[in-house]
Amino acid sequence: MPTVGVKRDLLFQALGRTYTDEEFDELCFEFGLELDEITSEKEIISKEKGDCKASGASDVILYKIDVPANRYDLLCLEGLVRGLQVFKNKLEAPRYRRVSPASGPPQRLVITKETAAVRPYAVAAVLRDITFTQERYDSFIELQEKLHQNICRRRTLVAIGTHDLDTISGPFTFTAKPPADISFKPLSQTNEFTAVQLMSLYKADNHVKHFLHIIEDKPVYPVIYDSNGVVLSMPPIINGDHSKITLNTKNVFIECTATDLTKAKVVLDMMVTMFSEYCSQPFTVEEAEVVSPDGQIYKYPELPYRKEKLSGQLINKKIGINESTEKIAQLLTRMCLLSHPTGVGDEIEVEIPPTRSDVIHACDIVEDAAMAYGFNNITRTIPRTYTIANQLPLNKLTELMRQELAAAGFTEALTFALCSQEDIADKLRKKITDTRAVHISNPKTAEFQVARTALLPGLLKTIAANRKMPLPLKLFEISDVVLKDETKDVGTRNCRRLCAIYYNKNSGFEVIHGLLDRTMQLLEVKLGQDGYRIQAADDPTFFPGRCAEIFVHGKSVGRLGVLHPDVITRFELNMPCSALEMDVEPFL
């Protein structure tokens, strides 16, 4: 959960009253938040860097508040205060409006086709005649950082740029150029740099260096120019110094470039709704036009209001209360969801504002109603259906097998469910296309690219990490693998597997074979055509002529054998190894 730090006195001033720490903690709980910590800037620095570094730091009391990850409207002081005021019935939820410029055409952002290679989407808006104070300015900057860390996924999905509109001239152009062709003075710098020089400069910057990887390997970098050729920003890395906003800024041009258009719209809506209250016309946002590469013109921000209809009976049933439709409508209105009974039975019409992008399904509305009602106010009841909890049969069988395999002298290992493509393909002498692996779309490291399709690679890596231990090494694991399955609604399925491995100066195939016989004995599966049997098989992972397929009641459930020398060396091992891997679920 994101944590929002706000100055206590500033918060109480905005709320119009003071609270004791206990009272405010209770208010947060009622609103679905948590007061995580009461501290100060001096105390934070003292904890992190020592008392000597903390001298001179502020003693102003800070409240650290945990906010649900999908409540982007609560990531700044403005949204937090607005939500609490509406919740306490001291304020009506504001109505956000998109307006046309008082004079002249709207600001225009033109997207060129070159951006398709790096960052194809952009949205924009203008906060006209805004008034900043130091506190408002700090909150404005902090909200951008919170959004970047949260919904923007560290700028990979969306990057926000804010500019002093009076220092630049539209229309603006969002394009992409080779790094050597981009040159400008970045934020807080005194000299101009090319994009190539900037990437080298910021490798030593503790803040910006974390975002360089997003574009540094691309042939072209995204960049935004005004009509005079002035660089506004090079998203998602840095803004230009020319258009930086200050306390004296009156008109703010906000642009969001993205790889996900939906997320960009949400981020833009959050930025403008939170700070439009400081405009000369509160809660109004001046529209901007965005021209796509195909010539289509779109107007932003969208600030969408949508309506949903629910029955009061459904809400009462889901929460476990018995309230009238009028009362439920009042509860939802306190959560910034303007609601009223339609007059058709117990139907309630709920209006979802642009600040509540977290409301996706009817259950989200029910949750808000429960929150406004108060979880502690819901009467505890005994369920009408009496049930006795039981362990899942698969898990029960797994536990029994774990105990018996340990008793057979094997040590249990627990390996990662994610691995590299190389682990399940190249190292096992297989093609990745034959593995039915589920791929991670945005892997953070090369070690976690796919969900494992076999337990064997994890155990071999465990052996490699412990090869200095006394021989023999006998390991086993009973866990799930993930396989593609088009018959499932999610396209994949989990499959419980048993894998055992024997590593010694000799292959020890008889040890693994003996473990298989013992396992079948425990599962009460007899040897023979009507029980289990093994049959010679070819598998590139195993040594030719030293691999067998396991059949139970005529169905293949796994394989065992001596591993191929290439497999052993690819996992940085140097001694023979025998392994067994089979499905557990057929024995239920």
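**Domains, a three-stranded sheet and the main core**

In this predicted model, the domain assignment splits the chain into domain 1 (3-88), domain 2 (97-300), domain 3 (306-373) and domain 4 (393-587). Measuring over C-alpha atoms, the centres of domain 3 and domain 4 sit 51 Å apart.

Next comes a small piece of β architecture. Three strands make up an open sheet, ordered β18-β20-β19 and paired antiparallel. The edge positions go to β18 (306-311) and β19 (339-341); each has a single partner strand, so one side of each has no neighbour in the sheet. Going from one strand to the next, the twist averages 25 degrees. The pairing of β19 with β20 (residues 347-352) is antiparallel and runs over three bridges. Pro341 faces Ile348 of β20 across the strands.

Two helices lie across these strands. Helix α9 (residues 312-319) crosses β18 and β20, with its direction at about 70 degrees to β18. Helix α10 (residues 325-333) lies across β19 and β20 instead, running at about 170 degrees to β19.

Then there is the nonpolar packing. The largest nonpolar core counts 91 residues, and the members touching the most others are Phe24, Leu127, Leu147 and Ile254. Helix α8 (residues 261-275) supplies the largest share of this core, with nine residues. As for Phe24, leaving aside residues up to four places away in sequence, its contacts are Leu11, Phe12, Leu15, Tyr19, Leu35, Tyr63, Ile65 and Leu84.

Conventions:
Residues numbered from 1 in each chain as written. Predicted model: local features only at pLDDT ≥ 70, side-chain atom pairs only at ≥ 80, totals over all residues. Heavy atoms only, no water. Pairing = 2+ DSSP bridges. Helix = DSSP H or I, 4+ residues; strand = E, 2+ residues; numbered from the N terminus. Axes fitted to C-alpha atoms, helices over the stretch in contact; angles between N-to-C directions. Contact = heavy atoms within 4.5 Å. Domains from an automatic or database assignment. Core = buried A, V, L, I, M, F, W, Y, C linked by side-chain atoms within 4.5 Å. Buried < 20%, exposed > 50% of the residue type's maximum accessible area, 1.4 Å probe, protein only.
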